Amino acid sequence: MRPSVAQHPRFAPTLAIVQAGDCPDSSTYVRMKKRAAQEVGIGFRHCALPAEATAEMLIETVKGLNADENV
């Protein structure tokens, strides 16, 4: 079971976005999500990978985020 603010008042959830490459439309989306996270008081993490990122790199990034209880 994931922690919640009700159970742990100091718990601070984090929204994580994985972006491969720097497509302008995707970058705009990431900025909008960052702003939304700030507005509601949750953390934000942008995991920027190069456009040439391999599937293995993406999988390892997601595995790392999945292992983080705050994400």
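**Entry 1: helix α1**

I began with the outer side of α1, where the face turned away from the buried side carries the exposed residues Pro24, Asp25, Glu39 and Val40. I note at once that this is a predicted model, and I read every value below as computed from it.

I then looked up the extent of the helix: α1 covers residues 24–40, which is 17 residues, and it reaches 25 Å from its first C-alpha to its last, close to the 24 Å expected at 1.5 Å a residue. On the inner side I found Ser27, Val30 and Ala37 buried. Seen down the axis of α1, these buried residues fall within an arc of 80°, so they line one face of the helix. For the background I wrote down that an α-helix has 3.6 residues a turn, so residues three or four places apart point the same way.

What do the buried residues of α1 pack against? I found that their partners are the strands β1 (14–20) and β2 (43–49). Just after the helix ends, I recorded that glycine 41 takes a positive phi of about 80°.

**Entry 2: the chain as a whole**

I stepped back to the order of elements, which runs β-α-β-α from the N terminus on, with 2 helices and 2 strands in the chain. The C-alpha trace spans about 40 × 25 × 10 Å along its principal axes. Of the 71 residues, 20% are buried, and the chain exposes about 5300 Å², of which carbon and sulfur atoms supply 56%.

For contacts with a separation of 6 or more, I noted that residues 24 or more positions apart account for 62%. I also looked up the charges: there are 8 positive and 8 negative side chains, and the centres of the two sets lie 9 Å apart.

**Entry 3: glutamine 19**

Is glutamine 19, a residue of strand β1, buried or exposed? With a relative accessible area of 7%, glutamine 19 is buried, the cut-off for that class being under 20%. I listed its contacts, leaving out residues up to four places away in sequence, and found that glutamine 19 touches Ser26, Ser27, Val30, His46, Cys47, Ala48 and Leu49. Two of the names in that list, Ser27 and Val30, I had already entered among the buried residues of α1.

**Entry 4: threonine 61**

I turned next to helix α2 (residues 55–67), in which threonine 61 is found. Its relative accessible area of 18% makes threonine 61 buried, since the class takes values under 20%. Which residues is threonine 61 in contact with, once its neighbours within four places in sequence are left aside? I found Val18, Cys47 and Leu49. For one of these, valine 18, I also looked up the C-alpha separation from threonine 61, which is 7.8 Å across 43 residues along the chain.

**Entry 5: cysteine 23 and aspartate 25**

Cysteine 23 has its place in the loop between β1 and α1, and at 39% relative accessibility I entered cysteine 23 as partly exposed. From cysteine 23 to alanine 51 the C-alpha distance is 9.0 Å, with their positions 28 residues apart in sequence.

Aspartate 25 is in helix α1, and at 63% relative accessibility aspartate 25 counts as exposed, in keeping with its entry on the face turned away from the buried side. I closed with a distance between two residues already entered: the C-alpha atoms of aspartate 25 and threonine 61 are separated by 22 Å, the two being 36 residues apart along the chain.

Technical notes: Residues are numbered from 1 along each chain as its sequence is written. This is a predicted model: local features need pLDDT of at least 70, side-chain atom pairs count only at pLDDT 80 or more; totals for chains, interfaces and linings use all residues. Side-chain values use heavy atoms; hydrogens and water are left out. Helices (H or I, at least four residues) and strands (E, at least two) are DSSP runs, numbered from the N terminus. Buried means under 20% relative accessible area, exposed over 50%, partly exposed in between (1.4 Å probe, protein chains only). Contact means heavy atoms within 4.5 Å. Accessible areas come from the Shrake-Rupley method with a 1.4 Å probe; for residues, only the protein chains shown count as cover. Lys and Arg count as positive and Asp and Glu as negative; His and the chain ends are not counted. The place of a charge is taken as NZ of Lys, CZ of Arg, CG of Asp or CD of Glu. The expected span of a helix is 1.5 Å times one less than its number of residues. The arc is that of the directions from the helix axis to the C-beta atoms.
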